[in-house]
Amino acid sequence: MENIQELIQFAKEIRSQKPSNGMMKLYLIGSMLALFGVMVGFVETVLQPFYTHEPMDEEMTQLVLLEQQQAEKKLRWRMEAAAVLEEDMGLKSRQQAMLARRNSANRLHAS
């Protein structure tokens, strides 16, 4: 309600300044477009629950299934690669731990 009162005051101020006809037409067109946009948004919001999606074609269904299968294959491959990498990292960390122990032992004896 406050916005409507502000718009009314704005319209009165514009009329009191006696703008040219071109400016009045421009304000009128802009206001009408804004009002139209608000009404379209309101209608979309109200009718959204009743909107039904079109059923997919058989080809689209097959493409979606194919993409899902490819994504699953990539995921499985990544999981297998991660498992192999973890095993390799486990072996490397053991070897590094042994080398660190040896290095520290050498340093203790050398100092």
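Colleague: Which helices each supply at least two residues of the lining of the largest pocket?
Modeller: Helix 1 (2-16) and helix 2 (21-47) do. Keep in mind that we're looking at a predicted model. Helix 1 gives the most to that lining, with 7 residues.

Colleague: Which residues come closest to the centre of the largest pocket?
Modeller: Leu 7, Phe 10, Ala 11, Tyr 27 and Ser 31, out of 13 lining residues. The pocket itself has a volume of about 380 Å³.

Colleague: What makes up the lining of the largest pocket by class?
Modeller: You get 9 nonpolar, 3 polar and 1 charged residues. Tyr counts as nonpolar under the rule, and so do Leu, Phe and Ala. Ser falls among "the others", so Ser 31 goes down as polar.

Colleague: Why is the contact between Glu 72 and Arg 76 called a salt bridge?
Modeller: Check the distance: the closest N and O atoms are 3.8 Å apart. The cut-off is within 4 Å, between a side-chain nitrogen of Lys or Arg and a carboxyl oxygen of Asp or Glu, so this pair passes. By this rule the count comes to 1 salt bridge. Both residues sit in helix 3 (residues 58-110), 4 residues apart, which is about one turn of the helix.

Colleague: Why is Glu 72 called partly exposed?
Modeller: Its relative accessibility is 44%. Buried needs under 20% and exposed needs over 50%, so Glu 72 lands in between. Arg 76, at 47%, is partly exposed for that reason too.

Colleague: How much of the chain counts as buried?
Modeller: Just 1% of the 111 residues. The accessible surface comes to about 11300 Å², and 62% of that belongs to carbon and sulfur atoms.

Colleague: What is the pattern of the chain, read along the sequence?
Modeller: α-α-α. That fits a tally of 3 helices and 0 strands.

Colleague: How do you know what span to expect for helix 1?
Modeller: Helix 1 has 15 residues, and at 1.5 Å a residue the expected span is 21 Å. You count one less than the number of residues. From first C-alpha to last, helix 1 reaches 21 Å, so the two agree closely. Just after helix 1, Lys 18 takes a positive phi of about 55 degrees.

Notes
Residues numbered from 1 in each chain as written. Predicted model: local features only at pLDDT ≥ 70, side-chain atom pairs only at ≥ 80, totals over all residues. Heavy atoms only, no water. 1 Å grid on protein atoms, 1.4 Å probe; cavity = no way out; pocket = protein on both sides within 12 Å on 5 of 7 lines; lining within 4 Å. Points joined across faces, edges and corners; volume = space filled by probe spheres on them. Buried < 20%, exposed > 50% of the residue type's maximum accessible area, 1.4 Å probe, protein only. Areas by Shrake-Rupley, 256 points an atom, 1.4 Å probe, with all protein chains shown as cover.
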